[in-house]
Amino acid sequence: MKIVVYGASGYQGKLVLTELARRDIETVLAGRDLARLEEAASAVGLLDAERRMADTSDHEALVSAFRGCDGVINCAGPFTSSGEAVVRAAIAAGCQYVDTSGEQLYIKKIFDTFTTEAENAGVTVVPAANDGCVPVDLMAHILADHLESVEEIITTHVIVGGGMSRGSLRSLIETIDAIKVGGMTYDDGDWRSGMPARHAAIRLPGQSKATPVMAFPVPEVVTIPRHIRVRHVEGLTEAALGDRLNIPLTPEIIDSLPEGPDEDSRRTQHFTYVLDATSTNGRRARGIVQGPDTYGTTAVIAVESARRLITDPAKPGVLAPAQAYHPTAFLDLLVPHGIQWIIEDAPAT
């Protein structure tokens, strides 16, 4: 197979290139700057890999950059401003598509805009193939099967240590309005913006006291209702993140920062994603996903997501992770990479 990585010279892009090289998958580097693509190829040891230049403003150049490849992995954020162009070109080139976006409104727009177009082209599009959305969305499907009927799912993201890449910070700036209102919640068949969290704090695994939380625009609020009949879905994160987001960020400040966390920071980082589900008869269950290194885990998930679409095609269209992949099989593949997942009945409150 041949996979093209758009945004290959960025921080996340280079980690995806490294994972593709580890799996010995033929790779094409694509982006807007040939010099940066050359640097990326050298940095990850892909000196013989093909480089293709294309700007998101040039549809024909993008289609040409993707043509002849089996899949596209888009790592070029912020996705809110440029992601649609890459999706459109991937569909036109007949390539299976995944991206590493975590931008909630962008992800919803991809579902709303490209579902019919992808179906007609026989292409599968899976946005948000990252460390958070894929395992949480898959876990939600497992929880729904476990409870048999689901009334409500509340997801909580907590990340300790590490840091953010320049690309992630740029995405924050571009989506800060959605973040400030807490993003969307799903209620009775509709997504509503700016709904406040109903939970002031939750007790996370291994904690003796509850962690304050706030509403946050997590991707799975968009994806979970695509495959589960549920009345309410809401996303939360630790409230301390709100204090960090109040620190002013400008493009100049971001440009002065390191490209992303170094290997030591990534190695010591740890994430916990919790799904609290309630069935229609009041039964409760909790799903927990834990692991290290959000950026490294995203690279593994993005490559595996694209590989599976190519070798074991899902139905055409824009799909949530649980619509495209077998939940337990995909989660089990992540275990050797340090990801742990578990379901517990009736968690303590």
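**Exercise 1. A loop residue with an unusual backbone**

Decide whether Asp24 is buried or exposed, working from its 72% relative accessibility.

Solution. Start with the cut-offs: buried means under 20% relative accessible area, exposed over 50%, and partly exposed in between (1.4 Å probe, protein chains only). With 72%, Asp24 therefore counts as exposed. This is a predicted model, where local features need pLDDT of at least 70, side-chain atom pairs count only at pLDDT 80 or more, and totals for chains, interfaces and linings use all residues. Residues are numbered from 1 along each chain as its sequence is written, and side-chain values use heavy atoms, with hydrogens and water left out.

Next, place the residue: Asp24 belongs to the loop between α1 and β2. Helices (H or I, at least four residues) and strands (E, at least two) are DSSP runs, numbered from the N terminus. Finally, look at the backbone: phi of Asp24 is near 60°, a positive value in a residue other than glycine. Most residues other than glycine have a negative phi, and most peptide bonds are trans.

**Exercise 2. Two more loops to inspect**

Find where Glu148 lies and describe its phi.

Solution. Glu148 is in the loop between α6 (133-147) and β7 (152-160). Its phi is near 75°, a positive value in a residue other than glycine. Glu148 has 72% relative accessibility, so it counts as exposed.

Now for a peptide bond: which residue does a cis peptide bond join to Pro78? The partner is Gly77, and omega is about -5°. Pro78 sits in the loop between β4 and α4 (79-93).

**Exercise 3. Tracing the crossovers**

Follow the chain from β1 to β3 and give the handedness of each crossover on the way.

Solution. Begin with the pairing rule: two strands pair if DSSP finds at least two bridges between them. Strands β1 and β2 run parallel and are joined by 5 bridges. Within this pairing, Val4 is opposite Val28 in β2. The route from β1 to β2 passes through helix α1 (residues 11-22), and this β-α-β crossover is right-handed. Here, right-handed means that, with the strands pointing away from the viewer, the path from the first strand over the helix to the second runs clockwise.

Carry on to the next unit. β2 pairs with strand β3 (residues 50-53) in the parallel sense over 4 bridges, and Gly31 has Met53 in β3 as its bridge partner. β2, helix α2 (residues 34-44) and β3 also form a right-handed β-α-β unit. As for the setting of β2 (residues 26-31), 5 of its 6 residues are buried, so the strand is largely enclosed by the rest of the structure.

**Exercise 4. Assembling the sheet**

Write down the strand order of the open sheet and pick out its edges.

Solution. The sheet has 7 strands in the order β3-β2-β1-β4-β5-β6-β15, with parallel pairing. β3 and β15 (317-318) stand at the edges with a single partner strand each, so one side of each lacks a neighbour in the sheet. Elsewhere in the order, strand β5 (residues 96-99) pairs with strand β6 (residues 124-126) over 2 bridges in the parallel sense, and Val98 is opposite Val126 in β6.

Then add the helices, taking contact as heavy atoms within 4.5 Å. Axes are lines fitted to C-alpha atoms, for helices over the stretch in contact, and angles run from 0 to 180 degrees between N-to-C directions. α2 packs on the sheet and touches β2 and β3, its direction making about 155° with that of β3. Helix α13 (residues 294-311) packs on the sheet too, touching β1, β4 (71-74), β5 and β6, and its direction makes about 165° with that of β5.

**Exercise 5. Rings and a charge**

Classify the ring pair Tyr6 and Phe66.

Solution. Rings of Phe, Tyr and Trp (its six-membered ring) pair if their centres lie within 6.5 Å; planes under 30 degrees apart count as stacked, over 60 as edge-to-face and the rest as tilted. The whole structure holds 6 aromatic pairs. For Tyr6 and Phe66 the centres are 6.1 Å apart and the planes at 85°, so the pair is edge-to-face. Tyr6 lies in strand β1 (residues 2-6) and Phe66 in helix α3 (residues 59-66), so the pair ties together parts that are 60 residues apart in sequence. Tyr6, at 1% relative accessibility, counts as buried, and so does Phe66 at 0%.
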